[in-house]
Amino acid sequence: MSLIAITVNLLDGYREIGYAERGEDNMKFYNSVGPNPRVVKLFMAEKGIELPEVDVDLRGGENRRAPYNVDVNPAGQTPALELDDGSVLTEITAICEYLEEKFPATPLIGASAEERAATRMWTRRIDLKICEPLTNGFRFAEGLPLFEPRLRCLPEAAAGLKATAQDGVRWLDPLIAGREFVAGERLTLADLMLFAFLDFGISVGQPIDPAATNVIAWYERMKARPTT
Ligand SMILES: N[C@@H](CCC(=O)N[C@@H](CS)C(=O)NCC(=O)O)C(=O)O
């Protein structure tokens, strides 16, 4: 956090009378379509954080060209969070961890070491078992025309990746039986990530397996939240 000078306007000019922390209102969120930016948007909405936004034209490939992939994110992806000192954070879990520390009210990662560890465990499980294969299943099939010029695509893997994501959903299903949220009785980053990606999956032809009744009931509860 950088400091800004507090000044008073005197007859002979401005005089510094102290310093204050530069506010979070100097942060800037690079947004676009897609489930990854949506995770952070949901995280901010649940916490009541509002930041200035820059809309990146992902379909037009703006994220893969200079200046974005030089000045903002060398990985050429969204989202990104520019901090008030001008540095840039990327990777949705890192961005959410940062926001949690800056805005600890309404904890979505956790208020204790145990809660934070549990959230990170569930977030990682959901990312690896569901989000990654679901997204790559899309990129290598329906998304192929958009993604083939951008990254190595494995169309032959698409069906297997989609099935792997459904395996992950079926694996999760009995584990959340009787729970309000993925990690128990509190809303966490794991819920927001799972919701954003399952909702995206539904929109691109990867519906939730109807046999996963606990996940479907959880999804409906999440969908009814005012923030989603
Ligand atoms: N691991 C990254 C994934 C970011 C990502 O895949 N973003 C997508 C949007 S949902 C993207 O930029 N896709 C366009 C592209 O790769 O050109 C994160 O956690 O932020």
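Modeller: Helices, with at least four residues, and strands, with at least two, are DSSP runs numbered from the N terminus. In this predicted model, Pro67 is placed in the loop between strand E4 and helix H2 (68–72).

Biologist: What kind of peptide bond joins Ala66 and Pro67?

Modeller: The bond is cis, with omega about 10°. A second cis bond runs from Thr78 to Pro79, where omega is near 5°. Pro79 belongs to the loop between H2 and E5. Both bonds invite mention because most peptide bonds are trans.

Biologist: What is the phi of Glu91?

Modeller: Glu91 has a positive phi of about 80° and is not a glycine. Such a value merits comment because most residues other than glycine have a negative phi. Glu91 sits in the loop between E6 and helix H3 (92–102).

Biologist: Which residues come nearest to the ligand?

Modeller: They are Gly34, Asn36, Gln77, Glu91 and Ile92, out of 13 residues around the ligand. A residue enters that shell if its C-beta atom, placed from the backbone, lies within 6 Å of the molecule. By class, the shell holds 3 nonpolar, 7 polar and 3 charged residues.

Biologist: In what order do the 4 strands of the open sheet lie?

Modeller: The order is E4-E3-E5-E6, with mixed pairing.

Biologist: What makes E4 (53–55) and E6 (88–90) the edge strands?

Modeller: Each of these two strands pairs on one side only. Direction ignored, neighbouring strands of the sheet are turned by 20° against each other on average.

Biologist: How do you know that E3 (residues 28–31) pairs with E4 and with E5?

Modeller: Pairing requires at least two bridges. E3 and E4 run parallel and are joined by 3 bridges, one partner pair being Tyr30 and Val54 of E4. E3 and E5 are also joined by 3 bridges, but run antiparallel; here Lys28 has Glu82 of E5 as its bridge partner. The requirement is therefore met for E3 with E4 and for E3 with E5. E5 (residues 80–82) and E6 run antiparallel with 3 bridges as well, and Ala80 stands opposite Thr90 in E6.

Biologist: Helix H4 (residues 113–139) packs on helix H6 (residues 158–175) at an angle of about 155°. Why is H4 called roughly antiparallel to H6?

Modeller: Angles over 145 degrees count as roughly antiparallel; the angle of about 155° exceeds that limit, so H4 is roughly antiparallel to H6. Their axes are 8 Å apart, and the crossing is left-handed. H4 contributes Lys129, Ile130, Pro133, Leu134, Asn136 and Gly137 to the contact, while the residues of H6 include Leu161, Lys162, Val169 and Trp171. The contact comprises 8 nonpolar, 4 polar and 2 charged residues.

Biologist: The axes of H4 and helix H7 (residues 189–203) cross at roughly 10°. What makes H4 roughly parallel to H7?

Modeller: The limit is under 35 degrees; an angle of roughly 10° falls below it, so H4 is roughly parallel to H7. The two axes come within 8 Å. Among the contact residues are Trp122, Ile126, Asp127 and Ile130 of H4, and Met193, Leu194 and Phe197 of H7.

Biologist: How do the residues of the contact of H4 with H7 divide?

Modeller: There are 10 nonpolar, 3 polar and 1 charged. Asp127 of H4 takes part in this contact, and Asp counts as charged.

Conventions
Residues are numbered from 1 along each chain as its sequence is written. This is a predicted model: local features need pLDDT of at least 70, side-chain atom pairs count only at pLDDT 80 or more; totals for chains, interfaces and linings use all residues. Axes are lines fitted to C-alpha atoms, for helices over the stretch in contact, and angles run from 0 to 180 degrees between N-to-C directions. Angles under 35 degrees count as roughly parallel, over 145 as roughly antiparallel, 65 to 115 as roughly perpendicular and the rest as oblique. A crossing is left-handed if the near helix is turned anticlockwise from the far one by less than a right angle, and right-handed if clockwise. Two residues are in contact if their C-beta atoms, placed from the backbone, lie within 7 Å.
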